[in-house]
Amino acid sequence: MPAHGSGYRAFISYSHADAAVARWLHRALETYRIPSRLVGRTTGLGEVPARLTPIFRDRDELSASGDLTGSLRQALEASMFLLVVASPAAARSRWVDEEVRHFKQLHGEGRVLALIASGHPGADDGSECYPPSLRLRLAADGSVGNEPAEPLAVDLRPGGDGKRMAKLKLVAGLTGLPLDALVQREAARRHRRITAVATVAVVLAMSMSVLALMAVRGQAEAERQRAEADGLVEFMLTDLRSRLEPVGRLEIFDAVGQRALTYYGRQDIDALDADALGRRSRALHLVGEVRELRGNSEEALEAFVQAERTTAELLARSPDDAQRIFDHAQSVYWVAYIPWQRNELEQAERGFREYDRLAAQLVALDPHRPEWLNERASSQTNLGALMQRMGRHPEAADHFQQALVLSRELAAAAPGDRELQWALAQAHAWLGDALLQSWLFGDAALQRQQELHVYETMLVADPRDAKAREGKSVALAMIAESQLMEGRLQQAHDSARASHETIVALAGEDPENQLWREMVASITNKRVEALMLDGRWQEAGELNRQALALAAALVDTDPSVASWRTDVLMGARWMEVAIAFAQQGPAAGRAGITRFQRDFAADRDPGDAGLRMPWVAVLAMDVVDQAQAGQVEAARGQLLALQAQLPSAPQPRTQAVLLHLRGAMAPHLPADDAPAPAMRTGYDPGVILQAAKGT
């Protein structure tokens with residue numbers, strides 16, 4: 001059996017009818033951290049690791065062939081344990097049965113664990129949940145015998161172990177640790193975590209409870225105590241949050257927001273004054289932000305809409321009150337942000353323009369107040385980002401320039417203000433992106449270098465600052481992007497690797513932060529692209545498999561987040577097609593093209609700049625492959641159709657692909673159909689498209 005360091009801790013076998021359970025199991029085990037005092041302990045399975053990674057879970061439907069694929073056999077061979085999601089569907093699945101049988105042939109009977117999701121072991125009424133190879137031992141020849149097997153099983157059914165205990169039992173089985181030790185350590189860890197939601201938060205909660213109990217002593221005293229309690233809530237939502245935010249732990253933010261909502265939930269909402277309702281809306285914003293970062297966009301939107309109703313009512317009562325305008329602007333922003341994430345751009349534009357109107361109203365009330373100038377800079381940045389997504393680059397650049405002027409002025413006046421420094425960095429970032437899309441790659445890199453300098457300054461002040469580390473990763477990734485477009489491949493890969501190392505370290509500190517997981521996947525894609533352009537196919541293939549797994553896991557978490565599918569998964573999948581051509585040949589490449597076109601048919605929108613490159617790259621490979629196969633007319637027709645679908649000024653990457661493709665197809669195009677003069681880049685997709693020719 002291979003050493004665990006070169007394989008998987010476990011292979012999850014399941015029927016696709018139980019995909020939701022398998023996703024939960026995979027996520028629960030891969031994100032579980034062994035209590036530190038148990039790490040390194042020697043058991044019958046060797047030294048206990050800090051994490052149970054990697055866990056293998058096949059996400060694809062199995063083919064119609066009569067045997068397991070080679071990749072599945074390799075994964076089974078490289079796995080220390082087999083985890084079977086047991087259910088009537090699994091009992092009927094020939095593939096689950098074959099995976100169990102093959103694993104037992106390789107590793108024996110003792111390392112097969114079952115998670116009973118539904119049904120009953122040994123039932124004869126159609127609810128049997130164990131496939132034959134799980135409930136019976138194998139004979140000497142590898143066939144299913146007659147002797148009953150007794151796999152270690154945990155019960156996820158109602159009335160069974162429950163998710164928490166089921167997880168701990170499986171962790172015990174996968175590590176050889178005593179279950180009692182895990183339960184005790186988990187209880188201690190949970191206790192420490194609760195205690196760590198800052199001693200301050202505990203003291204505040206106790207203070208509010210004491211104040212509530214004392215309220216019976218008289219109306220005047222009650223009002224005084226409520227004022228003190230409200231002050232404590234305000235502290236939790238402002239000062240305490242600002243002190244905890246650099247740590248980046250979502251559960252701390254969640255605890256603060258939920259505690260405040262619990263406090264107001266015990267009161268009559270109709271009886272709350274305007275200030276209390278404003279604090280309640282800020283608590284809803286905080287809860288919504290945490291939900292959004294955890295990938296629960298629908299629940300996040302519910303919190304933001306609830307806050308918007310409250311702030312709209314408060315603004316209607318006092319339409320000239322700057323604080324009420326500000327509070328409502330925050331709600332409007334978040335309600336627009338979720339559609340932006342889902343690629344519902346018209347709805348997002350309406351919301352962002354209303355947010356900008358409110359920010360301008362604040363500046364008109366007090367043109368010199370830094371908070372209102374910063375709000376206007378933010379609203380301009382949001383509009384610029386939206387225009388960028390819609391391919392309206394001149395409008396985007398105008399908004400970003402206005403935001404940068406405001407942000408630079410504010411940051412210079414308050415060099416020690418972390419939020420203003422962050423806003424300045426973001427202004428450089430967005431302008432850099434607009435310059436990149438305008439083919440000004442050197443200028444774009446300069447803006448990103450200035451952005452990076454801001455983050456480095458912030459990290460000198462606080463090396464743990466999660467936002468600055470996140471921003472540093474993005475800046476390095478976009479510097480790599482500019483280097484790619486200039487053809488500086490090794491420098492681009494070095495920058496992308498530095499970006500990747502930064503975000504991987506950050507994501508490891510908070511596995512529930514979906515934004516950081518998305519960034520890991522996106523930056524992995526960038527590293528893959530640099531390697532492909534340099535012809536380093538083996539390295540590209542290894543990283544591409546990581547990117548595909550990360551992207552698929554994100555989409556599984558919340559399929560409604562369109563950007564995870566279109567910006568991350570689609571990017572990894574077009575690169576997978578190119579790698580298939582280069583490493584496995586035309587048949588594998590053509591199969592990849594067919595699968596890509598099938599899976600992303602609903603996402604093919606030439607009007608969305610974010611979707612163009614994956615589709616253009618795949619269709620370009622299809623054109624080259626058709627021409628190579630002698631189907632010249634079909635290839636020519638597809639090229640002309642592709643060009644007709646795109647705008648007159650495509651993105652730099654897309655333009656580079658089209659120029660190369662038209663050059664390769666020039667003998668098959670009419671003389672009057674020559675490409676219009678276009679700006680050229682150092683980005684040369686020739687290596688990738690040559691792979692599609694099989695040369």
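Colleague: Which residue in β5 does Tyr 8 stand opposite?
Modeller: Keep in mind that this is a predicted model. Strand β1 covers residues 8-13 and runs parallel to β5, residues 79-86, with 5 bridges joining them. Within that pairing, the residue in β5 opposite Tyr 8 is Ser 79.

Colleague: And what is the bridge partner of Ile 12 in β5?
Modeller: We're still on the β1 and β5 pair, which is parallel. Look in β5 for the partner of Ile 12, and you land on Leu 83.

Colleague: How many bridges does β1 make with β4, and which residue there partners Ala 10?
Modeller: β1 and β4 also pair in the parallel sense, over 3 bridges. In one of the pairs, Ala 10 has as its partner in β4 Ile 55.

Colleague: Is β1 mostly covered or mostly open, and how many of its residues are buried?
Modeller: In the sheet order β4-β1-β5-β6-β9, β1 sits between β4 and β5. The strand is mostly covered, and the count of buried residues is 5 of 6.

Colleague: Which strands stand at the edges of that sheet, and why is one side of each left without a neighbour?
Modeller: The sheet is open, with 5 strands in parallel pairing, and the twist from one strand to the next averages 25°. An edge strand has a single partner strand, so one side of it has no neighbour in the sheet. The two strands in that position are β4 (55-57) and β9 (152-155).

Colleague: On to the nonpolar side chains. How many residues are in the largest nonpolar core, and which helix gives the most to it?
Modeller: Nonpolar side chains tend to be buried together in soluble globular proteins. Here the largest nonpolar core has 109 residues, and those with the most contacts inside it are Trp 340, Met 532, Trp 574, Phe 596 and Met 621. With 11 residues, the helix that gives the most is α13 (residues 322-341).

Colleague: How many residues are in the other core that lies apart from it?
Modeller: Its members include Ile 34, Leu 52, Ala 117 and Leu 168. The number of residues in this other core is 33.

Colleague: What does Met 532 touch, leaving out residues up to four places away in sequence?
Modeller: Met 532 is among the residues with the most contacts inside the largest core. Its contacts are Trp 537, Ala 540, Trp 574, Met 575, Ala 578, Ile 579, Val 687 and Ile 688.

Colleague: Now a charged one: is Glu 470 buried or exposed?
Modeller: Glu 470 lies in helix α19 (residues 466-485). Not counting residues up to four places away in sequence, Glu 470 touches Trp 422, Leu 506, Leu 515, Trp 516 and Met 519. Buried means under 20% relative accessible area. Glu 470 has 15%, so this residue counts as buried.

Colleague: Which side chain makes a polar contact with the side chain of Glu 470?
Modeller: Go back to the residues Glu 470 touches, which include Leu 515, Trp 516 and Met 519. The polar contact, at 2.7 Å, is with the side chain of Trp 516.

Colleague: Which residue forms a salt bridge with Asp 356, and how far apart are the closest N and O atoms?
Modeller: Asp 356 is in helix α14 (residues 345-365) and its partner is in helix α15 (residues 370-389), so the pair ties together parts 20 residues apart in sequence. Asp 356 counts as buried at 11% relative accessibility, while Arg 376 is partly exposed at 24%. The partner is Arg 376, and the distance is 2.9 Å.

Colleague: What separates Arg 101 and Glu 98 in helix α4?
Modeller: These two form a salt bridge, with the closest N and O atoms 2.8 Å apart. Glu 98 is buried, with a relative accessible area of 16%. Both residues lie in helix α4 (residues 94-107), 3 residues apart, and the separation is about one helical turn.

Colleague: How many salt bridges does the count come to?
Modeller: Another of them joins the side chains of Arg 418 and Glu 419, at 2.8 Å from N to O. Arg 418 is partly exposed at 21%, and Glu 419 is partly exposed at 35%. Shared partners also join Arg 573, Glu 576, Arg 595, Arg 598 and Asp 599 into one network. The count comes to 31.

Technical notes: Residues are numbered from 1 along each chain as its sequence is written. This is a predicted model: local features need pLDDT of at least 70, side-chain atom pairs count only at pLDDT 80 or more; totals for chains, interfaces and linings use all residues. Side-chain values use heavy atoms; hydrogens and water are left out. Helices (H or I, at least four residues) and strands (E, at least two) are DSSP runs, numbered from the N terminus. Buried means under 20% relative accessible area, exposed over 50%, partly exposed in between (1.4 Å probe, protein chains only). Contact means heavy atoms within 4.5 Å. A polar contact is a pair of N or O atoms within 3.5 Å; within protein, one must be able to donate a hydrogen and the other to accept it, and residues adjacent in sequence count only if both atoms are side-chain atoms. A nonpolar core is a set of buried Ala, Val, Leu, Ile, Met, Phe, Trp, Tyr and Cys residues joined through side-chain atoms within 4.5 Å. Two strands pair if DSSP finds at least two bridges between them. Axes are lines fitted to C-alpha atoms, for helices over the stretch in contact, and angles run from 0 to 180 degrees between N-to-C directions. A salt bridge is a side-chain nitrogen of Lys or Arg within 4 Å of a carboxyl oxygen of Asp or Glu.
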